[in-house]
Amino acid sequence: MGSSATWGLLTATFTASFVECVEALTIVLAMGVTRSWRSALTGAALALVALAGFTAVAGYALVTWLPRSALQLGIGTLLLIFGLQWLRKSILRTAGLKALHDEDEEFREQAEAARRAADELRYGLDWFSFVVSFKGVFLEGVEVVFIVITFGLNAHDVPAASAAAGAAAAAVVGLGVVAHGPLARVPENTLKYVVGLLLSSFGTFWAVEGLGVFRSGGGSLAWPGDSWSLLGVLAAWFALSQMLVRLAPWLVAGRRRPAVAS
């Protein structure tokens with residue numbers, strides 16, 4: 001399963017990074033088109049530098065301070081929580097209880113906010129464009145860094161995870177240059193559902209392995225069938241999510257129904 005696990009790592013990292021990069025691109029485009037390309041790109045570039053430093057510090061700290069089983073439990077749990085947040089939103093969107101994410105609408109909202117903002121120059125830069133672009137790229141990038149570190153460390157292949165994230169970023173930038181605008185045609189909602197499933201599955205798998213930290217010796221627990229069990233975990237999360245998609249409208253309607261007086 002070594003090669004299959006590696007392909008799973010690459011797929012999950014690329015897909016999650018692609019989605020985050022699409023959202024970061026939309027923010028930078030809105031600032032560049034409506035305010036200042038120089039300021040927006042400077043903010044984005046400095047955010048990438050800050051992310052590189054954050055990645056080095058966080059990765060070193062995790063590897064140095066935690067034994068393998070504790071590392072699996074800690075970041076597996078965090079990855080599971082992170083994945084469930086994606087999965088929850090995807091379930092609500094699929095069930096029609098939450099609006100689908102629209103990059104064109106996001107671009108319009110960001111552009112309108114940029115037009116309303118006051119002009120303020122600092123260090124020769126349009127400060128609003130710089131700050132919004134920096135924050136947007138950094139915050140979206142932190143999620144990418146988190147995914148790269150967690151997947152890379154657990155799979156003992158940080159370079160592969162980093163390469164997948166880099167390829168996703170390059171693909172998004174390339175598509176943005178070709179499209180000359182936000183990537184509205186990307187099936188982002190479907191991708192977010194896939195990412196939610198993958199993150200929840202890997203998070204569950206690693207967190208359970210990490211429970212071995214509580215037993216004598218502190219070694220990691222082993223799943224039946226080793227890495228092949230990931231397919232079973234993924235299938236279980238898929239089945240549960242599809243069931244919740246069908247139950248969600250009924251559950252919400254039941255909560256909204258007024259109580260009948262006895």
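Begin the tour by selecting Phe82: this phenylalanine is buried, with a relative accessible area of 12%. The model on display is a predicted one.

Next, add Trp86 to the selection. Tryptophan 86 is likewise buried, at a relative accessible area of 10%. Both residues belong to helix H3, which spans residues 68–94. Because they stand four residues apart in this helix, about one helical turn separates phenylalanine 82 from tryptophan 86.

Now display the two side chains and examine their rings. The model contains seven aromatic pairs. Phenylalanine 82 and tryptophan 86 make up one aromatic pair, with 5.9 Å from centre to centre. How are the two rings arranged, stacked or edge-to-face? The arrangement is edge-to-face, with 75° between the planes; an angle over 60 degrees places a pair in that class.

Select Phe146 as well. Ring pairs join Phe146, Phe82 and Trp86 into a cluster.

Leave the rings and turn to the largest pocket, whose volume is about 760 Å³. Which elements give two or more residues to its lining? They are helix H1 (2–34), helix H2 (37–65), helix H5 (127–154) and helix H6 (158–179). Colour H6 separately, since it is the element to inspect next: H6 contributes the most to the lining of the largest pocket, namely nine residues.

To find the middle of the largest pocket, select Cys21, Leu48, Val137, Ala169 and Val173, which lie nearest its centre among the 30 lining residues.

Finally, colour the lining of the largest pocket by residue class. The viewer should then show 21 nonpolar, seven polar and two charged residues.

Technical notes: Residues numbered from 1 in each chain as written. Predicted model: local features only at pLDDT ≥ 70, side-chain atom pairs only at ≥ 80, totals over all residues. Heavy atoms only, no water. Phe/Tyr/Trp six-rings, centres within 6.5 Å; stacked < 30°, edge-to-face > 60°. Buried < 20%, exposed > 50% of the residue type's maximum accessible area, 1.4 Å probe, protein only. 1 Å grid on protein atoms, 1.4 Å probe; cavity = no way out; pocket = protein on both sides within 12 Å on 5 of 7 lines; lining within 4 Å. Points joined across faces, edges and corners; volume = space filled by probe spheres on them. Nonpolar A, V, L, I, M, F, W, Y, C, P; charged D, E, K, R; others polar.
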